[in-house]
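Grab a pencil and work through these exercises with the structure open next to you. Each task comes with a solution that goes step by step.

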Amino acid sequence: MVEIYSAGLTKSSKKRFMKKKISKLLFYSLLVVFASSCQKDPIFKSTVIDGSKPTSAFTYTAAANNALAITFAGTGTNADTYYWQFGDGTTSTSNSPVHTYAAAGKYTVTLKINSAAGYSATSSQLVSAIPAAVASFAVASQFELSLALNNTSTSVASVSWDFGDGSAASTTLSPQHRYVAAGNYNVKLTVTGLLGDVVTQTQTISVQNTNLLKGGGFEAGSAGNWTVWSSQKDISPVYGYTTDGPAGGYDACLRFPSFTSTAGLNELIYQPVQVIAGQKYNLSAVVKLPAGGTNDYLQFYISTDPNTWIESSAANANFFLALNNYHSWGSTSSSTTAVNGDLYAATLFNGQYGLGVNTKGIYTATTTGTVYIGIQAGVYAGKSNGDFLVDNVNFVKVN
């Protein structure tokens with residue numbers, strides 16, 4: 001601050017003095033402005049890294065013992081960081097990650113590479129995490145001249161079956177097939193895999209009809225093999241029924257149409273077979289019965305007399321395997337439970353009623369001659385609540 005004093009001056013001197021004062025003030029102001037303009041401005045700095053742009057590429061290899069475990073390797077150039085997207089929602093930042101997919105399939109894998117200079121590059125590939133196809137099958141069940149085949153192949157896109165009898169090929173995954181004659185047949189399964197690979201398996205299968213019953217498959221026209229012992233028109237059986245059937249059955253089946261009665265009714269059909277004293281035989285079938293029936297039953301008999309069918313605890317009883325609402329297939333106070341499949345297994349689970357329960361479905365002939373296999377459906381005073389279906393009734397020698 002500059003102090004300027006003007007005491008004791010004349011008027012003209014004061015005027016000259018004020019001019020000088022103003023001049024000095026202007027001088028000092030310019031000095032301040034000049035001094036301020038001479039200060040250094042701040043310096044802003046940034047680092048620029050020079051470098052080549054990256055390229056993105058990768059290879060992959062499936063494990064020899066697990067096609068779902070895949071090792072990836074980045075093969076691009078000028079890479080500083082990696083970012084993998086495996087196409088199943090998972091990621092990795094490793095250079096060479098190993099990734100195991102949860103399920104076989106084809107996945108779009110993407111690799112993004114960043115360089116140290118800040119550039120990036122991306123590449124994608126469709127990766128097949130799929131094992132090679134394996135052709136494999138087994139006979140699931142056999143009844144008379146019919147086979148059910150179980151396809152146990154893996155990595156399957158499509159199949160074709162040659163049954164070895166000159167019939168048309170089948171593309172069903174696990175088909176059934178009925179032969180017209182017994183014999184040994186070369187059954188060939190051709191599998192086209194998910195990778196487009198083709199593999200085959202061939203097995204020689206012996207097809208023999210060892211069933212002592214005729215028409216046990218209940219195809220259309222098989223009614224002539226069975227005799228009606230008692231008949232009520234309301235439940236007369238239908239042969240060759242194909243709309244529905246028991247699990248494990250083939251083609252057509254026997255149908256007892258839904259029935260109801262307040263006084264009781266039943267239907268029993270039977271067929272004679274020849275047995276040898278001391279020889280063991282197995283009686284089997286598959287059945288499908290509805291839930292909700294009351295006082296109803298389905299019973300199988302082995303009798304030595306075509307007019308004697310006894311379901312009781314008497315010594316001469318001959319009911320063999322039975323599903324009976326009075327005997328723990330449900331009860332008289334509650335309705336039946338649904339049954340679908342093997343007769344013996346169903347009997348074990350629903351009351352264990354019949355002479356064949358303790359022998360596991362095995363009948364031992366006491367004399368050489370004729371016995372009669374009977375099938376009876378009925379109701380005491382109640383309802384079936386739906387159709388009774390029967391198939392694959394088989395009576396065979398046991399070695």
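Before starting, one definition: two strands pair if DSSP finds at least two bridges between them. Keep in mind too that this is a predicted model.

**Exercise 1. Find which residues stand opposite each other along strand E20 and its partners E21 and E24.**

Step 1. Locate strand E20, which covers residues 294-303.

Step 2. Take the E21 side. Strand E21 spans residues 319-324, and E20 pairs with E21 in the antiparallel sense over 5 bridges. Here Tyr-301 stands opposite Phe-319 in E21.

Step 3. Now the E24 side. E20 and E24 run antiparallel and are joined by 9 bridges. On this side Ser-303 has Tyr-372 of E24 opposite.

Step 4. Is E20 enclosed or open? Of its 10 residues, 9 are buried, so the strand is largely enclosed by the rest of the structure. The cut-off behind "buried" is a relative accessible area under 20%.

**Exercise 2. Work out the strand order of the open sheet that holds E12.**

Step 1. The sheet has 3 strands, in the order E10-E12-E13, with antiparallel pairing.

Step 2. Which strands sit at the edges? They are E10 (156-162) and E13, and each of them pairs on one side only.

Step 3. Check the twist: ignoring direction, neighbouring strands of this sheet are turned by 20 degrees against each other on average.

Step 4. Zoom in on one pairing. Strand E12 (residues 183-193) and E13 pair in the antiparallel sense over 10 bridges. Pick Lys-188, and its bridge partner in E13 turns out to be Thr-202.

**Exercise 3. Trace the salt bridges made by Arg-178, and say what they connect.**

Step 1. A quick reminder: side chains of opposite charge can pair when their charged atoms come close. The cut-off to apply is a side-chain nitrogen of Lys or Arg within 4 Å of a carboxyl oxygen of Asp or Glu. That rule gives a count of 4 salt bridges.

Step 2. Arg-178 and Glu-144 meet through their side chains at 3.8 Å, N to O. Arg-178 belongs to strand E11 (residues 176-178) and Glu-144 to the loop between strands E8 (137-143) and E9 (146-151), so this pair ties together parts 34 residues apart in sequence.

Step 3. Compare exposure. Arg-178 is partly exposed, at a relative accessible area of 34%, while Glu-144 is buried, at 8%.

Step 4. Glu-219 also forms a salt bridge with Arg-178, at 3.7 Å from N to O. Glu-219 lies in the loop between strand E13 (198-207) and strand E14 (227-230), 41 residues from Arg-178 in E11. Glu-219 is partly exposed, with a relative accessible area of 22%.

**Exercise 4. Place the salt bridge between Arg-255 and Asp-387 in the chain.**

Step 1. Their side chains come to 2.8 Å, N to O. Arg-255 is in strand E16 (residues 253-256), and Asp-387 is in the loop between strand E24 (369-383) and strand E25 (388-398); the two are 132 residues apart.

Step 2. Buried or exposed? Arg-255 is partly exposed, with a relative accessible area of 23%. Asp-387 counts as partly exposed too, at 23% relative accessibility.

Step 3. Finish with the network: salt bridges with shared partners join Glu-144, Arg-178 and Glu-219 into one.

Notes. Residues are numbered from 1 along each chain as its sequence is written. This is a predicted model: local features need pLDDT of at least 70, side-chain atom pairs count only at pLDDT 80 or more; totals for chains, interfaces and linings use all residues. Side-chain values use heavy atoms; hydrogens and water are left out. Helices (H or I, at least four residues) and strands (E, at least two) are DSSP runs, numbered from the N terminus. Buried means under 20% relative accessible area, exposed over 50%, partly exposed in between (1.4 Å probe, protein chains only). Axes are lines fitted to C-alpha atoms, for helices over the stretch in contact, and angles run from 0 to 180 degrees between N-to-C directions.
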